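Please find below a short note on charged side chains and the way they pair. It is meant to be read beside the sequence and the structure.

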Amino acid sequence: MSSEIKANVISEVTSANGVSIDGVLLKDSQVSASAGGAMCLIEKATASTTTDIDFTGINLLTQYRNIVFYLSNIKSSNDPDTLKMVVATSGTAFDNDAHYLHVANRNYYNGSGASQSSGVVNENKNAIFYSQYVGNQAVDASLTEADGGFSGVINCIGFPHDVEYHQTTWTGTQGNNDGYLINFVGGGRYCENSLPITAVRFDFTSGTVLSGIIAMYGIKDA
């Protein structure tokens, strides 16, 4: 039986007025409409050998112009693997077909010699975010063996709204099974329709999501 995380509840230590101890606004914080650009934590999911990590109800978050995902050390049960994100515009009917455009650049370094840039390395029509060669090992104090998972930030433009194109811009760092540190910078677009995004799904192409944390934030609309 497949397993998945549906992130719907936040549990955070807070101070008065709905502001967390680190100064980040929480989901139910009251923010003046003039405070455009304020960041609010909406949901957080922690993976544990999970098939999928889903965030739902995004179309209801119309008080936010954009959505941002912070990914922390996301690892697969396979080594290496490809991490991706797809979207739905009707409930959780995720679109896994060729209705996306995605492209990214990759820089990598293994601690020996100069860093290398491969130019455009990802061209994909099946995901709005797509990162290859994600490792899952963790060997400390070794430049050539330490893997680790994917960590990065994905900016999702206009997801809660009806817009012509829903797009992502993102950057992330990961290790792979060959001992390379890899930095990806990329962008994606959903081209099927202009309906608000109702849900997003993170998963790996071959393995389960072994561990890691994904937090979803909203950027307050002015």
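The points that follow concern the salt bridges of this predicted model.

1. A search of the whole structure finds three salt bridges. As background, side chains of opposite charge can pair when their charged atoms come close.

2. Asp52 and Arg201 form a salt bridge, with their closest N and O atoms 3.6 Å apart. This pair links distant parts of the chain: Asp52 belongs to strand E4 (residues 52-56) and Arg201 to strand E13 (residues 199-204), 149 residues apart.

3. Arg201 also meets the side chain of Asp54 in a salt bridge, at 2.7 Å from N to O. Asp54 lies in strand E4 and Arg201 in strand E13, so this pair ties together parts that are 147 residues apart in sequence. Asp52, Asp54 and Arg201 are thus linked in a network of salt bridges.

4. Are the members of this network buried or exposed? Asp52 counts as buried because its relative accessibility is 8%, under the 20% limit. Arg201 is likewise buried, with a relative accessible area of 17%, and Asp54 is buried as well.

5. A further salt bridge joins the side chains of Lys84 and Asp203, at 3.0 Å from N to O. Lys84 lies in strand E6 (residues 81-88) and Asp203 in strand E13, so the pair ties together parts that are 119 residues apart in sequence.

6. Lys84 has a relative accessibility of 13% and therefore counts as buried. Asp203, with a relative accessible area of 10%, is buried too.

Definitions and conventions. Residues numbered from 1 in each chain as written. Predicted model: local features only at pLDDT ≥ 70, side-chain atom pairs only at ≥ 80, totals over all residues. Heavy atoms only, no water. Salt bridge = Lys/Arg side-chain N within 4 Å of Asp/Glu carboxyl O. Helix = DSSP H or I, 4+ residues; strand = E, 2+ residues; numbered from the N terminus. Buried < 20%, exposed > 50% of the residue type's maximum accessible area, 1.4 Å probe, protein only.
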